[in-house]
Amino acid sequence: MKFKEIEFENRNCTRIYRDYLKRVRNTVKVLNEQNQQEILLEINSHLFEGFSDNPNGRDEVEHLLDILEKLGQP
């Protein structure tokens, strides 16, 4: 499966998202390529699912930050 970035309407969300993924990549770079990709895909999947579930129509940035807080530091 190929990694595909999540697209956001808000540019700040995109920056926050990319920064988080960059920190994840830096953290997992000691692993082999396959494990790195699996971890990135799994985290991206959690982010996508969490972001898709926005019943109150909350602000994108606020919602993304809540999801990242639940995932924790890379």
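The side chains of N44 and Y17 are joined by a polar contact of 2.4 Å. This is a predicted model, so the distance is computed from predicted atoms. N44 sits in helix α2. Its relative accessible area is 8%. N44 therefore counts as buried, since the cut-off is under 20%.

What else does N44 touch, leaving aside its neighbours within four places in sequence? Besides Y17, the contacts of N44 are F3, K4, I6 and L21.

Now take the helix as a whole. Helix α2 runs through residues 33–52, 20 residues in total. From first C-alpha to last, α2 reaches 28 Å. That is close to the 28 Å expected at 1.5 Å a residue.

Next, look at which residues of α2 are hidden. N44 is one of the buried residues, along with Q36, L40, I43, L47 and F51. They lie on the same side of α2, because they cover an arc of only 100° around the axis. The general geometry is simple: an α-helix has 3.6 residues a turn, so residues three or four places apart point the same way.

What does this buried set pack against? The buried residues of α2 pack against two helices, α1 (11–28) and α3 (60–71).

Turn to the other side of α2. Here Q34, E49 and S52 are exposed. Q34 also figures at the start of the helix. There, a side-chain oxygen of N32 comes to within 3.1 Å of the backbone nitrogen of Q34.

Terms used. Residues are numbered from 1 along each chain as its sequence is written. This is a predicted model: local features need pLDDT of at least 70, side-chain atom pairs count only at pLDDT 80 or more; totals for chains, interfaces and linings use all residues. Side-chain values use heavy atoms; hydrogens and water are left out. Helices (H or I, at least four residues) and strands (E, at least two) are DSSP runs, numbered from the N terminus. The expected span of a helix is 1.5 Å times one less than its number of residues. Buried means under 20% relative accessible area, exposed over 50%, partly exposed in between (1.4 Å probe, protein chains only). The arc is that of the directions from the helix axis to the C-beta atoms. Contact means heavy atoms within 4.5 Å. A polar contact is a pair of N or O atoms within 3.5 Å; within protein, one must be able to donate a hydrogen and the other to accept it, and residues adjacent in sequence count only if both atoms are side-chain atoms.
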